[in-house]
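User: Please take a close look at a single part of this model, and then connect it to what lies around it. I am in my first year, so explain the terms you need.

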Amino acid sequence: MRKKIIFGLKPCDTIGIKSLDLVFGEGERKDPYYLQRRSGSILISIGCHLIFPDCFCMAVGGNPFNFDYSDLGLIDMDDYFAVLKKSENTKVEEFLKEYKEFFEEKNFDEETENRIKEIISRSGEKCNLNWEKINADETSITMDKSFKDEKTWRKITQKCISCAACTYVCPTCVCFSIGDELKDLSGERYKCWDFCTNYYYTLEASGHNPRSEIYQRYRNKINCKYNYFYKRNKNLYCVGCGRCVDVCPVGMDIREIVGTFLKDK
Ligand code: SF4
Ligand code: SF4
């Protein structure tokens, strides 16, 4: 098994990986290639002490120091990292043994403990300001109710240019395509990342496209994150990383889109 160390993930990224695990690693159709890479990976995350205006993990049930899905969870103490979470499993034990020169066993003194508590609480307070906590059950029901509100969906998505930037930065977007390519005298089948706001993603061989308009595609994306996956496994598919808000060239903000319907519920 090829080992992979993923260092410096944000806690929301690790929750994103949990979402990928639920799609590719559970159920009847597990993806063996994904599972192979995943089982050899160690996730080392660093809690967020810098909270940007677009970060909203707390609104969707996370927090800037949520290490539930990290093998090791660290906090940046300026001149060193302190380990706040260590998973008890062979993979982590072997990793710590192999890289022991990077670690030093030490108990936190009272001053350090207080500093850690203060960093964590300050981050939480700042993050809380970026979007108030949503109720996932209620949001899922609201999304169902709003589905046929074409007028509002058209209005709030009219700026979107289907560029896919929001997909390529999202830690939970899982849509993919399968393609066949000629390679010398044989062929190769490959799987590649795709995006559901892409017109061609749902274009059928007959020429019919069930989501021919942008509002339909964007509505599907939002429902995927705040409704469909939640119904299936009680896990929101938005971890509040805010990257889609940050990169969107036309200023679409997922909080405003979902919030439009939540405020009318
Ligand atoms: S980044 Fe913005 S414009 Fe591009 S597809 Fe996403 S929402 Fe639409
Ligand atoms: S904030 Fe945007 S990029 Fe981040 S998980 Fe949610 S939908 Fe994806």
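Analyst: A residue is called exposed if 12 or fewer other C-beta atoms lie within 10 Å of its own, buried if there are 20 or more, and partly exposed in between. The model is predicted, and the part chosen here is helix 6, which covers residues 150-157.

The buried residues of this helix are W153, I156 and T157. Around the helix axis they cover an arc of only 90 degrees, so they sit on the same side of helix 6. The face turned away from that buried side carries K151 and K155, which are exposed. Helix 6 thus has a side with buried residues and, turned away from it, a face with exposed ones.

Next comes the loop between helix 6 and helix 7 (165-168), where A164 is found. A164 is not a glycine, yet its phi is positive, at about 80 degrees. It has 17 C-beta neighbours inside 10 Å and therefore counts as partly exposed.

A164 is also one of the residues around ligand 1. Others in that list include C160, I161, S162, C163, A165 and C166, and further along the chain T197, C248, P249, V250 and M252. By class, the shell around ligand 1 holds 10 nonpolar and 2 polar residues, with no charged ones.

Ligand 2 can be described in the same terms. It is surrounded by 13 residues, and the closest are C170, C238, C241, R243 and C244. This shell divides into 8 nonpolar, 3 polar and 2 charged residues. Charged residues are therefore present around ligand 2, whereas the shell around ligand 1 has none.

A second positive phi occurs at K234, where the angle is near 55 degrees, again in a residue other than glycine. K234 lies in the loop between helix 8 (214-233) and helix 9 (243-247). With 11 C-beta neighbours inside 10 Å, K234 counts as exposed.

Now to the chain as a whole. The domain assignment gives domain 1 (4-128) and domain 2 (136-264), and the residues of helix 6 fall within the bounds of domain 2. The centres of the two domains, taken over C-alpha atoms, are 27 Å apart. Their contact draws 18 residues from domain 1 and 16 residues from domain 2. On the side of domain 1 that touches domain 2, 11 residues are nonpolar, 4 are polar and 3 are charged.

Domain 1 offers strands to set beside the helix. Strand 1 has 6 residues (residues 4-9), and the number buried is 0, so this strand lies largely in the open. It pairs with strand 2 (residues 41-46) in the parallel sense, over 5 bridges, and I5 stands opposite I42. Strand 2 in turn pairs with strand 3 (residues 72-76), also in the parallel sense, over 3 bridges. There I46 stands opposite L74.

A few totals place helix 6 in context. The protein chain has 10 helices and 6 strands. Its C-alpha trace spans about 65 × 55 × 30 Å along the principal axes. Of its 265 residues, 29% count as buried, and W153, I156 and T157 of helix 6 are buried residues. Among contacts between residues at least 6 apart in sequence, 71% join residues at least 24 apart.

Notes. Residues are numbered from 1 along each chain as its sequence is written. Chains are lettered from A and ligands numbered from 1 in the order in which they are written. This is a predicted model: local features need pLDDT of at least 70, side-chain atom pairs count only at pLDDT 80 or more; totals for chains, interfaces and linings use all residues. Helices (H or I, at least four residues) and strands (E, at least two) are DSSP runs, numbered from the N terminus. Two strands pair if DSSP finds at least two bridges between them. The arc is that of the directions from the helix axis to the C-beta atoms. A residue is near a molecule or strand if its C-beta atom, placed from the backbone, lies within 6 Å of it. Domain bounds come from an automatic or database domain assignment. Two residues are in contact if their C-beta atoms, placed from the backbone, lie within 7 Å.
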